[in-house]
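This report introduces a structure to a reader who has not met it before. Please look over the sequence and the model before reading on.

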Amino acid sequence: MIAEPEIVLEARNITKRFPGVVANEHVSLTLRRGEVLALLGENGAGKTTLMNILYGLYHQDEGEVLIRGEPVRIGGPSDAIRRGVGMVHQHFMLVPVFTVAENIILGAETGRGPFLDLNVARQRIRELSQRYRLDVDPDAYVKDLSVGQQQRVEIIKALYRNADILILDEPTAVLTPQETEELFAIIRSLTAQGASVIFISHKLKEVLAIADRIMVLRRGRVVGETTPREATERSLAEMMVGRSVMLEVEKGEAHPAAPVLVLDQVTVLDDRGQQVVNGVSLEVHAGEILGIAGVQGNGQTELVEAITGLRPVRSGRVLINGRDVTNASPRRISETGCAHVPEDRQEDGLVLTYSVADNLVLNTYYAPPFAHGIVRDDRAILEHANLLIEKYDVRTPSPLTLVSALSGGNKQKVIIARELSRKGRLLIAAQPTRGIDVGSIEFIHQQIVAERDRGAAVLLVSAELDEIMALSDRIAVMYHGRIAATLPAASATREELGLLMAGAQPLNAAGESPMDGRAPVNVQQRGI
Amino acid sequence: MQITERMARPSAARIPWVTIGVWSGLAILVLVAYARAPLATTAVLTSTIRQSTPIILGALAGIMCERSGVINIGIEGMMLIAAFLGFLFNVWTGDLLLATLGALLVGAAVGAFHALMSITLKVDQIIAGTVINILAVGLTGYFYQQGLTTRGKWSSVSIPLLADIPVVGPVFFSNPPITFASLILIVVVHVLLFRTAWGLRTRAVGEHPAAADTVGIAVNRVRYINVIIGGMLAGLAGAFLTLESVGSFERNMTNGRGFVSLAVMIFGKWTPFGAWGGSLLFGFANALQSQIQFLKNQLPPWLAWIGDLPPQFIGMLPYVLTIAVLAGFVGRARPPAAIGKVYQKE
Ligand SMILES: Nc1ncnc2c1ncn2[C@@H]1O[C@H](COP(=O)(O)OP(=O)(O)OP(=O)(O)O)[C@@H](O)[C@H]1O
Ligand SMILES: [Mg+2]
């Protein structure tokens, strides 16, 4: 028998309670030198909480933490950092108006006396970049970087502090497939050089690809441990959710009717004034799901913001139900029956300091049944909240809990619940399942299909090609601000879409007519 | 006004033509004025610096607080309390240095009170500042006794040689100590904020406290210290009023200067030199205004109408000018992102 590498990090019997929930209950975990331990679990299972305890942001109520065999009290992040623990958080912890170098040295500044000397830092950042192939410009402003690049900054930030125990909390949720590949290469080179990694993700494929061991949490408890060799996507999903999960979307034939959303030569500028949507025209019909595929940053985000009134339309027209809503207010657009699941849940989807119940009526609070005249009806709002929490399985101690206290995936579920329950004529969903666990993805996908079958028009924007292929009736590929091609989903292949997303010319002019997207009855594999 | 707050980047990247243009225009104007009326010009410029002293000190106080994420609209009150107690210290001890140090300590104490309310007790920060303003007017008004006299106020010090340069000498190198100090403090605060580790942490805490927390920075401690430093700067502004400018205390003698400081801070986009530009503008308008009232009867015929305007109207000039410039010429100013928000981790 080969001697196993030493244990670098151990948690024993950790318990952590929040008002109304036990986030971790007697959780134990070990991490060995040079390994990747994947942590799986439903939304709200307690993954982030456990990591925050290891990193010193929260304190456990019970249990102990050992680092390299030595029991330690982690009073705060500085204790964790001193002991070589680094963490990349689910929501990035970077100051947007600082440069990369400033963000990296923050809290670990170098210089002469009190004065900063960024040159030493730049030098080390370059070294780290080269050693681990983490490409970033130390003098770029973080706000100008893509999420993938920001992620690299976060990793360098941890390495700069000599971390050899690296916690990555859902690092791939916002990455493109290419960026995920790059991240995996980085993780492999890190572990080859002796670092240990805890990796959290809801994407089972990724977990199977990168992990050495897999640990599953459910409702705050450890429910099992396995290895990629023994497990399959299906078995992992079952372990997480506690029942068998359908990894496919079942949907019948689409029955497209009249167009609901019509875009006519729409152009939109991004925050820096660059034109990122260049004359997009498309129609989404009642009773169909139009998926927009594309590598992130090809104008999808801005297009959705423009349709929903969050960003000015520079030229062209937007029609909903035949009414011109170009540059109308978000309220007016919402009142045409347009439901919107925004891409950035923290920023555009929720008021973090409001309760779950209030967030569930964020766009309907002023009208009956939630208000009578100028008086709000708290009872109706609460009833509504209880109903949706139940139906959408939002894990929250109570409807009056502040949304900010919910886990990442449960925040997303609040938005989904609010928007899907509106029964509008148009649903615009941007990255609807980002950060959501497999069990809930199944449910949300069913709901989106149900919306379609009810006769709503659905515009789906997703960075997950699998999700696009599984749900859409027609697929529009967006490249450099234009619709490169529109294809019927039934005949589209991954390869073809991948090529189009990379900027290849469509092979034939097929798919330009909006009506040929009628999918036959199909059951498609949905990627997780 | 274009002030770059970037550090360690090649500054040649963008040449601030607007700033250069404005300042060369002003320099030419001063030269022309000096050629025609040397005495009045020097007087106006000297007075500009003096008048702008409490404003820039107040603005620096605001910058220190707000860069760390704490709104401080209590600067007016901090100034007033420090002015009052500084004056009393002077009455009791007769020692200007002790009295000035006393005013600084008072400022620090009021700053600590503001920090306690806004950080520890999580009182809304606008309310906390308002509390300080109201308390200041009430307390100083209540305890003020007429007829107290002191042995004097700070007088001008001339720096040898430098003070003999025409115009520049009397304006910059012959001033009383607090005015000198304010000029130095502009540079000090700038260096502190943009060139030191402390400044980096301060700005991080004001922009994204959770990010600062995750790298081991004690967010609330950084805020406390900055708000107390801000209080001391406001205290120095108060000391300027009673120990250097007027020499005695009058009810409500800050007269809105604390609020002008806040306006100037925003005008300067939360940077010391930008705020200084705004303060000079206000100081200049004030100096001009008193010069006009003073020289009413000697105005050239084509300006004689100004002498006929009611003095209250001319007195309004600095405030109107400040508002007009603030409203008209400043682009969108972006405050620190986490300003006014309590930081709580669990
Ligand atoms: N600061 C907090 N205050 C109160 N409750 C909290 C807080 N943070 C987390 N919780 C609760 O603890 C539980 C676990 O949350 P946690 O964020 O650890 O879940 P998670 O496994 O990371 O889920 P996700 O996959 O959605 O990110 C949830 O029920 C959540 O509501
Ligand atoms: Mg989480």
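The sections below describe a predicted model, beginning with a metal site and continuing with the domains.

## Magnesium site

The magnesium ion (ligand 2) has as its protein donors A:Thr48, through OG1, and A:Gln90, through OE1, at 1.9 to 2.3 Å from the ion. These two residues stand 42 residues apart and link distant parts of the chain. A:Thr48 belongs to helix H1 (residues 47–54) of chain A, whereas A:Gln90 lies in the loop between strand E6 (85–88) and helix H3 (100–105) of chain A.

The relative accessibility of A:Thr48 is 25%, so A:Thr48 counts as partly exposed. A:Gln90 counts as buried because its relative accessibility is 18%, and buried means under 20%.

## Domain arrangement

Chain A is assigned domain 1 (7–241) and domain 2 (246–337 + 424–528). The contact between them draws 19 residues from domain 1 of chain A and 16 residues from domain 2 of chain A. Taken over C-alpha atoms, the centres of the two domains are 33 Å apart.

## Domain interface

Domain 1 and domain 2 of chain A bury about 1400 Å² between them, with carbon and sulfur atoms giving 51% of this area. A:Asn43, A:His202 and A:Arg234 supply 26% of the area that domain 1 of chain A buries against domain 2 of chain A, more than any other three residues.

Between these domains there are 2 salt bridges and 4 residue pairs in polar contact. On the side of domain 1 of chain A that touches domain 2 of chain A, helix H7 (204–210) and helix H8 (233–241) of chain A are the elements that give two or more residues. H8(A) gives the most to that side, with 5 residues.

Methods. Residues numbered from 1 in each chain as written. Chains lettered and ligands numbered in written order. Predicted model: local features only at pLDDT ≥ 70, side-chain atom pairs only at ≥ 80, totals over all residues. Heavy atoms only, no water. Donors = N, O, S within 2.8 Å, 3.2 Å for Na, K, Ca; no water. Helix = DSSP H or I, 4+ residues; strand = E, 2+ residues; numbered from the N terminus. Buried < 20%, exposed > 50% of the residue type's maximum accessible area, 1.4 Å probe, protein only. Domains from an automatic or database assignment. Contact = heavy atoms within 4.5 Å. Buried area = accessible area lost by both parts, 1.4 Å probe. Salt bridge = Lys/Arg side-chain N within 4 Å of Asp/Glu carboxyl O. Polar contact = N/O pair within 3.5 Å; in protein donor to acceptor, adjacent residues only side chain to side chain.
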